Amino acid sequence: MRPLIEEETKLVFEKLAKYIGENLKLLIERPDGNYCFRLHRDRVYYVREDIMRKATNVARENLVSLGTCFGKMTKSGKFRLHITALEYLAPYAKFKIWLKPGAEQSFLYGNHVAKSGLGRITENTEQYQGVVVYSMNDLPLGFGVAARSTQDCRRANPTDIICFHQADNGEYIRSEDTLT
């Protein structure tokens, strides 16, 4: 377990800013304590500082996990966000997409969102902007990238893709061995 180097920190913060914008500082400066990001076995963890200090007493090879896994640093030097970060992204998300009940299952199986499954979308969403995907009952289902802007969605055909799938709650079942 080690602190992120400057390049890694930049990658992580850029990815998070894509989804939550300026609210990124609310993740670090929380009223319930100070939080930080740590790298362990190519995984980026979000952990409270007092717990992180206690974990330094555990040998690296014996430490399995620490805090919440936000994502993974790939071998090509990129940061890939995991579904385990959804709990922290959803309350601060700037741009949201709500799915019709019929499209929820398709999204939870890892498919992109088509216009026919779109219930609502946040105003002024730009193309390729990070979005959090919700059910119509305001339950966060996952996150993705907007394939079209809000204005383009209004003119789109029912079969056009509106949101590219990134991660969904179904990954807890499909990929449970790779999440930790």
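Trainee: Quick one to start: is Cys36 buried or exposed?

Mentor: Cys36 is buried, at a relative accessible area of 9%. Buried here means under 20% relative accessible area, exposed means over 50%, and partly exposed is in between, with a 1.4 Å probe and protein chains only. Keep in mind that this is a predicted model, where local features need pLDDT of at least 70 and side-chain atom pairs count only at pLDDT 80 or more, while totals for chains, interfaces and linings use all residues. Residues are numbered from 1 along each chain as its sequence is written, and side-chain values use heavy atoms, with hydrogens and water left out.

Trainee: Thanks! How many disulfides does the count come to?

Mentor: The count is 0 disulfides, taking a disulfide as a pair of cysteine sulfur atoms within 2.5 Å. For Cys36, the nearest cysteine sulfur belongs to Cys69 and is 14 Å away, and Cys36 is in no disulfide. Cys153 is in no disulfide either; its nearest cysteine sulfur, on Cys163, is 9.4 Å away.

Trainee: And Cys153, buried or exposed?

Mentor: Buried, with a relative accessible area of 3%.

Trainee: Switching to helix 1: what should its 15 residues span, and what is the distance between its end C-alpha atoms?

Mentor: Helix 1 covers residues 6–20, and its expected span is 21 Å at 1.5 Å a residue; the end C-alpha atoms are 20 Å apart, so the two agree. The expected span is 1.5 Å times one less than the number of residues. For the element labels, helices are DSSP runs of H or I with at least four residues, strands are runs of E with at least two, and both are numbered from the N terminus.

Trainee: Which residues are buried in helix 1?

Mentor: Glu8, Val12, Leu16, Tyr19 and Ile20. They sit on the same side of helix 1, because they cover an arc of only 80° around the axis. That arc is taken from the directions from the helix axis to the C-beta atoms.

Trainee: What does the face turned away from the buried side carry?

Mentor: It has the exposed residues Glu6, Glu7 and Lys10. Just after helix 1 comes Gly21, with a positive phi near 60°.

Trainee: Nice. Glu8 in a buried spot caught my eye. What does Glu8 form a salt bridge with?

Mentor: With Arg2; the closest N and O atoms are 2.9 Å apart. A salt bridge here is a side-chain nitrogen of Lys or Arg within 4 Å of a carboxyl oxygen of Asp or Glu. Glu8 has 11% relative accessibility and counts as buried, whereas Arg2 is partly exposed at 30%.

Trainee: How many salt bridges does the structure hold?

Mentor: There are 8. One of them joins Asp160 to Arg148, with the closest N and O atoms 3.2 Å apart. Asp160 is in the loop between helix 6 (150–155) and strand 12 (161–168), and Arg148 is in the loop between strand 11 and helix 6, so the pair ties together parts 12 residues apart in sequence. Asp160 is buried at 18% relative accessibility, while Arg148 is partly exposed at 25%. Arg30 and Asp32 also meet in a salt bridge, at 2.9 Å from N to O.

Trainee: Now backbone angles. What is the phi of Asp42 near?

Mentor: Near 65°, which is a positive value in a residue other than glycine. Asp42 is in the loop between strand 3 (33–40) and strand 4 (43–48). Asp138 also has a positive phi, about 60°, although it is not a glycine; its place is the loop between strand 10 (130–135) and strand 11 (140–146).

Trainee: How is strand 10 joined to strand 11?

Mentor: By 5 bridges, and the two run antiparallel. For example, Val133 has Gly142 in strand 11 as its bridge partner. Strands pair when DSSP finds at least two bridges between them.

Trainee: And what order do the 6 strands of the open sheet take?

Mentor: The order is 8-12-11-10-7-9, with mixed pairing. Strand 8 (113–114) and strand 9 are the edges, each pairing on one side only.

Trainee: Last one: where is Thr125 found, and what is it in contact with?

Mentor: Thr125 is in the loop between strand 9 (118–121) and strand 10, and it is buried at 2%. Setting aside neighbours within four places in sequence, Thr125 is in contact with Phe95, Val131, Ala146, Ser149 and Thr150, where contact means heavy atoms within 4.5 Å.
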